[in-house]
Amino acid sequence: MSKPTPKTYLSPGHRGCAGCCDALAAKFMLMGAGPDCIVVNPTGCLEVMTTPFPESAWEVPWIHSLFENGPAVASGIEAALKALGRKGNTKVIGVGGDGSTMDIGIRSLSGAFERGHDLTYVCIDNEAYMNTGVQRSSGTPFDASTTTSPAGKVSFGNPRPKKNMPAIMAAHGAPYVATTSIGYPRDMIRKVKKATETEGPTYIHAHAPCPTGWGFDGSKTIEMAKLAVQTCLWPMYEMENGEITQVKKVKNPMPVEEYLKAQKRFKHLFTMEGGDEEIKKIQALADWNIEYFGLQ
Amino acid sequence: MAVNLEDKSKMVVTEGSYAVAHAAKVCRPNVISAYPITPQTHIVENLSKFMADGEIPNCEYINVESEFSAISALVGASAAGARTYSATTSQGLELMHEVLFNAAGMRLPIVMTIANRAVSAPINIWNDQQDSISQRDTGWLQLYAEDLQESADMLPQLYKIAEDKEVLLPGMACMDGFILSHVYEPLVLLEQDLTDEFLPAYEPEYVLDPKNPMSFGAFAAPDTYEEFRYLQEQAMQNALPKIEAVAKEFGEIFGRFHGGLIDEYRTEDAEVIIMAMGSILGTIKDVVDEYRARGEKIGVLKVRAFRPFPKEQIRKAIKDAAVVAVLDKNISIGTNEGALFTETKACMYNARCDIPIIGYTIGHGGRDIRLETIAKIIEEAKEVASSGINTESQFVEVREELL
């Protein structure tokens, strides 16, 4: 018998695309966090699509300031709640995309975590700057073709692997860091709940396939998210005080081709000469995850 | 500023930065967020000491990792209902640039002291006003202090103006770096009881609160964006009379008046009027006193509010002069003019008042401004009054041997 579904606090009627990963991620995040929170949302698809003035999809207090300052804004809110005697159990939650979190806002995020504010930060990682039209970020995976790392006659796309953001956040001494995926809602809801209930700065990195940016049908978002986990390209684990404490096992990992061939951003690997060798390199990344995190 | 006898008995000799930090303290801020940068550091160090000694109740001090986060943290804190304070200067203020627009657009009454300093390159830590002048279009109120006492007294005034429901704009209290921030002078430290009487607690109408969820900082398309900008301008216009009224009320309670939007010094019957902002006014007034002693009709117009820009008051103050010289510690490169000069000319153009106005861009990067230099400017202005403008705007005393 399944457990009752928690209430969410993101209203329908927002302007997300069909199958939008941000909408799913925000919905699951709020299911885990509950209503006693204040959300800080840096610039990105989620912000734009949920708050076309004078409408708002947010049923919890929400603020958007800029692209690169979400964690600093969250720090200020947390400090204000303490100073005004209103903190109680209210959790301040930052939620931003990979560009905002891993690139332009990393200084702000690092500062907020180093200072030890009582806040949770959720990175919705759809692996590129989707709001501006699918440009490469430091979350873009190896060999993905984006509009600023296009595959071409002499290029297989993005030349670098993803930045290991969870490790960076764990290195700040965060008491709780977890990776999750919108393909596993219960996992995400449980981890966000745990993060918001843990005192201090906690970090959730949610893998979130974007139909528009990755090139797959909007009905396949969850399927794509699951494939990333099942091919071991996206390991799901929890870290407490810097130590890995939980790992989601993948009994029979699928070959990475299954994941790659389903997305337009990797299509060139199956048509270009030398693509086979590139796929082997991506398989090696998955194999490293299997080994390092003990996924099997 | 005239010193009354009661004030004299309360005076202590202290540093400008201490007086400002003390003023910030008695305004009862809830969140202070700052990053160290010369010559602002003494202000935030003093505030840190007050915090360490438990002297600021109901307050959190955030040691952020950059000025960008200092002001960003205050955006969040202010939206959550806190009275907020920061202090910065120069590169720090320039780094805040993007957030300044944002704080103003969200109508958050954050108050910040600017210890005015030159901007890089070349790097230079000394005073001019290029830093805050460069932020004039960000939608912040800007007041410029003439002396140490005013730098401190400005804070409760600015909170009162910024938090007014018809204004709701952030504000900069600008004081010249080193010249005011690092000088020791006899002054009155703001009394807590009088400040409480003058400045009521901040009670915002809209706050981030799970009990009553609201969305701040929504996305505005072309069909709604323009009205937000219009309302910001309206708020600035609303601030004009408030700045005057608040300065008067401050005078009634504390016994000190530093001017409202402007302050006139010996301008009655003045044929030559020298206009400026900040600590340079003291030097100008000394020179003008000498001229007056010789019977020459020279006056000084202190511009205290640069945003909102007090067009009406300036027009009225200078319309009967034979010539006006405007001194700017800043320049808009490419116009060969300082901002106060350009804006003064602009506000006179349609006023049916054809008096010659000349500009001097002066004191860059902390270059000393001597009495002789002011006298030379006055002499040149007198010549313009009789024979017309030869050079409309110029640098003062450029060292030709370095060019």
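Q: How many residues does each chain bring to the contact between chain B and chain A?
A: Contact here means heavy atoms within 4.5 Å. By that rule chain B brings 39 residues and chain A brings 38. Keep in mind that this is a predicted model, where local features need pLDDT of at least 70, side-chain atom pairs count only at pLDDT 80 or more, and totals for chains, interfaces and linings use all residues. Residues are numbered from 1 along each chain as its sequence is written, chains are lettered from A in the order in which they are written, and side-chain values use heavy atoms, with hydrogens and water left out.

Q: What area is buried between chain B and chain A?
A: The size of an interface is often given as the accessible area lost when the parts come together. The sum runs over both parts, with a 1.4 Å probe. Here that comes to about 2900 Å², with carbon and sulfur atoms giving 65%. On the chain B side, Leu208(B), Pro210(B) and Phe219(B) supply 19% of the area buried against chain A, more than any other three residues.

Q: Which residues form a salt bridge?
A: Look for a side-chain nitrogen of Lys or Arg within 4 Å of a carboxyl oxygen of Asp or Glu. The rule finds one across this interface: Arg115(A) pairs with Glu65(B), their closest N and O atoms being 2.8 Å apart.

Q: Which element gives the most to the side of chain B that touches chain A?
A: Helices are DSSP runs of H or I, at least four residues, and strands are runs of E, at least two, numbered from the N terminus. Here H4(B) gives the most, with eight residues.

Conventions:
Buried area = accessible area lost by both parts, 1.4 Å probe.
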